[in-house]
Amino acid sequence: MSERTYPPTPEFVRGANVQGMDGYRDLFNLAEAQPEKFWGDLAEKEIFWFEKWSHVFEWNPPFVKWFVGGKTNVSYNCLDRHLTTSRKNKLAILWEGEPGDQRMITYQELHRLVCRFANALKGRGLKTGDRAVIYMPMVPELPVALLACARLGIIHSVVFGGFSAEALKARIQDLDAQVVITADGGWRRGKEVRLKPAVDEALIECPTVKHVIVYRRTGSETAMQEGRDHWWHTLDEGVSEVCPAEPLDSETPLFVLYTSGTTGKPKGIVHTTGGYILQATLSMKWVFDLHEEDTYWCTADIGWVTGHTYIVYGPLSAGATSVMYEGAPDFPQFDRFWRIVDKYKVNIFYTSPTAIRAFVKQGDQWPKMHDLSSLRLLGSVGEPINPAAWEWYHKVIGGERCPIVDTWWQTETGSIMIAPMPGAVPLKPGSGTLPMPGVLADVVDLSGKPVEVNREGFLIMRRPWPSMFRTLWRDPQRYEENYWKRIPGNYLTGDAARRDADGYYWILGRIDDVMNVSGHRLSTMELESALVRHPAVAEAAVVGKPHEITGQAVVAFVTLKKGAWDHDTLGEELRKWVAHEIGSFAKPEQIRFSDTLPKTRSGKIMRRLLREIVTTNSVTGDVTTLEDLGVLTKLAAQHDDE
Ligand code: PRX
């Protein structure tokens, strides 16, 4: 833990949207004492409603509705309402492709693109309540696709382009999607990442999909299936630019985003309309201290929740100018991000600790090649940031002038929950500091009682908030059991945390079998089920190992079925297999072969022991060792069930 604190500078406070601790406390106290008034007033001020709600929220634990009876539209809030203001010709998206191509899109132009594409969707017979799976590179047509769906009330589910055909298929099937929106491919580290072939492979077993819309990005040869597949540019031709946003009930589902849980099957996190867009908008102002003249850049991929809320919906609803970048941070060399910051004079920059640690490792010469003096605020998300990386970010990127907002939240929470308001809250490197107004967090023991200062406990939320997920797609029972049963009536985040004497939150990591690799959630069970589907594998146990750059790395212990296996080639084959079953970002760093796995007498794999082995024993990069875990197995048997 770092003891140093960084209070906001007087200059920063003077210009900030929320000024000083009193400013923060006033908001927090009002939200706590009068939630209906607090959220009701903000919803009226910040969001456009076709029809006002009858009441602010309805809480029947664990199910909640916000702005009940209200009618609004997220796409309208992100676009139409700006067109009668000075934002009409303001840049919404400053896009740069990896090869260096650029597009500058104003709010008016974005509105036109979205209306046209929405009409193209309508023309295919798609309507409110239908499901669109979106599998695209980071091109402007990706936000266009999201906003067009939102405009019509079509529920979208973005599948990160790094997921395999298998993972894509599972998501399309779970949603019974009617349409897939994709591209021929995208650019990553100078190579084309093809997308359409994966869609074709997935669709062999997805009978509900009637239409595939393909955006041409790379121009490479692409097979199109007559009747099913349409080029985006052909559908777009001559289509009307008029497409009114549908007035949708506040609780209309906006999107489903799949994330890993503790079983082999990913969970479909369901977000709805009114509450989500309210908190997405507010956090832009409170956490990123967004001002009209700012240029803002979030480096996430829209395939993850960060990109949904902080590239698409939050910034556009708040009227920001955002940079969007297609490719890798190290292409053509390690200064690409800093080159972009310098070129577009970025003021607010939001990235992940994994990226920061990778930059630390590459050395200061890369950021030093560029003028980063436009930056005034930095952000971090996805995993705990270690104080050393924080200090480097603060000094080398922020020139010791920029506050760093360490933002804790989850796919489920929809928007930032614990983070400093940068003009108010003094920073402590490594801590997300204090909860947002309206977020009643706590750190408790198993009986739900708050733990003492600095003691580890479960991070929970005591009250519902507007942008929280409403359920799991077609599985309200799992929703209830997973999140609300353990500490009845409270939302269990799945994270362990402690609170210090100043009430600051320190996130200590997951309490379940979920790993966090490069800020991406991976489930032990999901990886294990993928491995045992391989014909050679009898059993698999997957654990996370601390990793200098990615936070954690995946290590898989594998026992094999009888046969003459060549460990050298099989290790590599299994890594490829995981890439095929899930996606290449999930590839284990190590495959370790063993005759047995340590188990309790009732047959449960003791992952705790395996975690100890990978943490203390430094056999790195070796995928070929046959481990003798027999000793451990005997040892484990003495422990019995934990
Ligand atoms: O463990 C926490 C970690 O990421 C988890 C949520 O992952 P996901 O739903 O994929 O969303 C990531 C982006 C919002 C959390 O349960 N996490 C996220 N942000 C932080 C964090 N851990 C520590 N500090 C953070 N700032």
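Colleague: Which atom of the ligand does a polar side-chain atom of Arg521 lie by, and at what distance?

Modeller: The model is predicted, and in it a polar side-chain atom of Arg521 lies 2.8 Å from an oxygen atom of the ligand. A polar contact here is a pair of N or O atoms within 3.5 Å. Asp495 also has a polar side-chain atom placed 2.9 Å from an oxygen atom of the ligand. With Gly382 the backbone is involved: one of its N or O atoms lies 3.1 Å from a nitrogen atom of the ligand.

Colleague: How much of the ligand does the protein bury?

Modeller: The ligand taken alone exposes 550 Å², and the protein buries 95% of that area.

Colleague: Which residues around the ligand come nearest?

Modeller: There are 16 residues around the ligand, and the nearest are Asp406, Thr407, Thr411, Asp495 and Arg521. By type, the shell divides into 5 nonpolar, 6 polar and 5 charged residues.

Colleague: Which strands each supply at least two residues of that shell?

Modeller: Strands β20 and β25 (505-510) each do so. To place them, start from the general idea. Strands of a sheet pair through backbone hydrogen bonds, in either a parallel or an antiparallel way. Strand β20 belongs to an open sheet of 7 strands, ordered β5-β4-β17-β16-β18-β19-β20, and the pairing in this sheet is mixed. The edge strands are β5 (102-106) and β20 (404-407), each of which pairs on one side only. From one strand to the next, the twist averages 15°.

Colleague: How many bridges link β19 and β20, and in which sense do they pair?

Modeller: Strand β19, residues 377-381, pairs with β20 in the parallel sense over 4 bridges. To find one of the pairs, look at Gly379, whose bridge partner in β20 is Val405.

Colleague: What happens toward the other edge, where β4 and β5 pair?

Modeller: Strands β4 and β5 run antiparallel and are joined by 5 bridges. Glu96 has Gln102 of β5 as its bridge partner. The hairpin of β4 and β5 has 5 residues between the strands, and Gly100 there takes a positive phi near 110°. Strand β4 also pairs with β17 (residues 321-325), running parallel to it with 4 bridges. In that pairing, Leu94 has Val323 of β17 as its partner.

Colleague: How many residues of β4 are buried?

Modeller: A residue is called buried when its relative accessible area is under 20%. Strand β4 covers residues 91-96, and 5 of its 6 residues are buried, so the strand is mostly covered.

Colleague: Which residues of β7 are buried on each side?

Modeller: Ile155 and Ser157 are buried on one side of β7 (residues 155-158), while His156 and Val158 are buried on the other. Both faces of the strand are covered. Strand β7 runs parallel to β6 (residues 131-135), with 4 bridges joining them. Arg131 has Ile155 of β7 as its bridge partner.

Colleague: Back to β25: what is the order of strands in its sheet?

Modeller: The order is β21-β22-β24-β25, an open sheet of 4 strands with antiparallel pairing. Its edge strands are β21 (441-444) and β25, each pairing on one side only. Neighbouring strands of this sheet are turned by 45° against each other on average, with direction ignored. At the β21 edge, 4 bridges join β21 to β22 (residues 457-461), and the two run antiparallel. Val443 stands opposite Leu459 in β22.

Key: Residues numbered from 1 in each chain as written. Predicted model: local features only at pLDDT ≥ 70, side-chain atom pairs only at ≥ 80, totals over all residues. Heavy atoms only, no water. Pairing = 2+ DSSP bridges. Axes fitted to C-alpha atoms, helices over the stretch in contact; angles between N-to-C directions. Near = heavy atom within 4 Å. Polar contact = N/O pair within 3.5 Å; in protein donor to acceptor, adjacent residues only side chain to side chain. Areas by Shrake-Rupley, 256 points an atom, 1.4 Å probe, with all protein chains shown as cover. Nonpolar A, V, L, I, M, F, W, Y, C, P; charged D, E, K, R; others polar. Buried < 20%, exposed > 50% of the residue type's maximum accessible area, 1.4 Å probe, protein only.
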